[in-house]
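Me: Hi! I've got a protein on my screen and would like to talk it through with you. Can we start with one residue and work outwards?

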Amino acid sequence: MKWYIAALLTVLTSSQGILTTLSQSNGKYKYDYATVPFFAEVFKLIVSSVFLRRECKKLPPPKMTTDWKTVRLFPIPSVIYLIYNNVQFATLMYVDISTYQIMGNLKIVTTGILFRLFLKKKLSNLQWMAIILLAVGTTTSQVKGCGEASCDSLFSAPIQGYMLGILSACLSALAGVYTEFLMKQNNDSLYWQNVQLYTFGAIFNMARLVVDDFRAGFEKGPWWQRLFNVYSITTWMVVLTLGSTGLLVSWLMKYADNIVKVYSTSMAMLLTMVLAVFLFGFKPTLQLFLGIIICMMSLHMYFAPPSMFVGLPPTVISDPESLVIVSDDHKAES
């Protein structure tokens with residue numbers, strides 16, 4: 001089941017990037033992009049509430065922990081993501097977009113490290129090699145030709161840019177690992193946990209819209225007046241895909257783990273680059289093909305059973321007629 005969910009997450013994450021690009025007009029957003037995450041959180045909250053209500057009508061009823069000591073932990077992922085979003089903007093002040101995307105692949109390795117430290121999940125040496133290969137593969141697919149300016153800019157950014165890039169990768173990994181901890185800390189209903197998670201998510205996203213209003217001096221009016229401004233069908237599809245990917249990620253956090261999510265999102269990035277060749281006239285590069293091959297090798301290394309990589313001798317099948325039955329008397333004599 002988790003592989004179907006992971007595959008669906010890959011497709012939706014890929015389509016999310018494509019739909020976001022298609023929702024632009026002349027390279028710009030006519031709508032307020034900050035309203036999209038808010039609508040996505042509300043969508044996830046509504047869907048989770050509907051499924052929770054259906055669960056409550058069944059016997060036995062779902063387990064729902066309402067203790068404040070447990071509930072108070074659910075705003076923390078929203079706080080981490082809020083800090084992460086601000087760090088992202090700060091990073092882009094020091095580095096260009098190509099360098100930023102390449103540094104973003106550090107979150108693959110930091111997720112593996114925090115996965116080991118905080119969740120006490122042991123990874124084999126082969127799995128560590130696979131995670132590092134995944135980071136190398138995604139980075140390779142994004143590196144442009146060394147004759148281009150972006151290749152030189154990769155190592156010419158200020159030290160603040162690299163420090164913020166590392167912090168951004170750590171915050172992204174921390175948010176994912178902490179969310180997995182929340183989902184697996186007890187046997188509560190997934191939908192009850194989602195309701196708590198997305199309630200706080202909607203509140204924090206609404207708070208961001210209010211802060212943006214004060215910063216802009218209410219030039220465009222209060223946030224609730226521009227919620228539906230210039231929202232096209234494509235924009236609503238962006239909201240639905242963003243919300244749906246969030247629901248799938250919560251399922252993976254509950255019943256799989258962060259590493260499966262990391263592989264899904266990494267494969268989605270490669271799928272997006274391949275689809276961009278046909279949709280936006282993106283020119284495929286040798287680095288893209290090499291990156292895809294490396295990522296496929298990483299995927300096989302991480303999830304394949306270890307016996308596939310070891311030359312085990314074939315199992316010897318004994319002939320039943322050649323077996324010698326030893327009696328108890330013979331055992332006693334020996």
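Me: Let's begin with Tyr302. Is it buried or exposed?
Reply: Tyr302 is buried, because its relative accessible area is 7% and anything under 20% counts as buried. Do keep in mind that this is a predicted model.

Me: Okay, and what about Phe303, buried or partly exposed?
Reply: Phe303 counts as partly exposed, with a relative accessibility of 27%.

Me: How are the rings of Tyr302 and Phe303 arranged?
Reply: Their centres are 4.7 Å apart and their planes sit at 65 degrees, so the pair is edge-to-face. The cut-off for that label is over 60 degrees.

Me: Nice. How many aromatic pairs are there?
Reply: The count comes to 18 aromatic pairs. Ring pairs also link some residues into a cluster, among them Tyr29, Phe38, Trp223 and Trp236.

Me: Back to Tyr302. Which core is it in?
Reply: Tyr302 belongs to the largest nonpolar core, which has 19 residues. Tyr302 is listed among those with the most contacts inside that core, along with Ile108, Ile131, Leu134, Ile259, Tyr263 and Met267.

Me: Which helices supply that core?
Reply: At least two residues each come from α6 (106-118), α7 (125-142), α9 (159-184), α12 and α13 (286-303). The largest share is from α12, with 5 residues.

Me: You mentioned Ile131. What does it touch?
Reply: Setting aside residues up to four places away in sequence, Ile131 touches Ile108, Val109, Gly112, Leu123, Ile259, Tyr263, Ser298 and Tyr302.

Me: Zooming out now, how many helices and strands are there?
Reply: The chain has 14 helices and 0 strands.

Me: And how much of the chain is buried?
Reply: Of its 334 residues, 42% count as buried.

Me: What about contacts between residues far apart in sequence?
Reply: Take the contacts with a separation of 6 or more: 83% of them are between residues 24 or more positions apart.

Me: Can you show me an example of residues apart in sequence? Say, Leu52 and Val195?
Reply: Sure! Leu52 and Val195 are 143 residues apart in sequence, while their C-alpha atoms are 8.4 Å apart in space. Leu52 is in contact with Val195, and also with Pro62, Met64, Ser189, Tyr191 and Trp192, leaving aside neighbours within four places in sequence.

Me: Where is Leu52, and is it buried or exposed?
Reply: Leu52 is found in helix α2, and at 10% relative accessibility it counts as buried.

Me: What else is in α2?
Reply: One of its residues is Glu41, since α2 covers residues 35-56. Glu41 is buried, with a relative accessible area of 14%. Apart from neighbours within four places in sequence, Glu41 is in contact with Tyr198, Gly201, Ala202 and Asn205.

Me: Let's switch to the outside. What does the chain expose?
Reply: The chain exposes about 19300 Å², and carbon and sulfur atoms supply 67% of that.

Me: Which residues form the nonpolar patch on the surface?
Reply: Val11, Leu22, Leu271, Leu275, Phe278, Leu279 and Phe280 form it, with about 660 Å² of accessible area together. The elements giving two or more residues are α1 (2-22) and α12 (258-279).

Me: Which one gives the most?
Reply: That's α12, with 4 residues.

Me: Last one: is Leu279 buried or exposed?
Reply: Leu279, which lies in helix α12, is exposed because its relative accessible area is 51% and the cut-off for exposed is over 50%.

Note on methods
Residues are numbered from 1 along each chain as its sequence is written. This is a predicted model: local features need pLDDT of at least 70, side-chain atom pairs count only at pLDDT 80 or more; totals for chains, interfaces and linings use all residues. Side-chain values use heavy atoms; hydrogens and water are left out. Buried means under 20% relative accessible area, exposed over 50%, partly exposed in between (1.4 Å probe, protein chains only). Contact means heavy atoms within 4.5 Å. Accessible areas come from the Shrake-Rupley method with a 1.4 Å probe; for residues, only the protein chains shown count as cover. Patches are made of residues with over 30% relative accessible area and no salt bridge: like charges are joined within 9 Å, nonpolar side chains (Val, Leu, Ile, Met, Phe, Trp, Tyr) within 5 Å. A salt bridge is a side-chain nitrogen of Lys or Arg within 4 Å of a carboxyl oxygen of Asp or Glu. A nonpolar core is a set of buried Ala, Val, Leu, Ile, Met, Phe, Trp, Tyr and Cys residues joined through side-chain atoms within 4.5 Å. Rings of Phe, Tyr and Trp (its six-membered ring) pair if their centres lie within 6.5 Å; planes under 30 degrees apart count as stacked, over 60 as edge-to-face and the rest as tilted.
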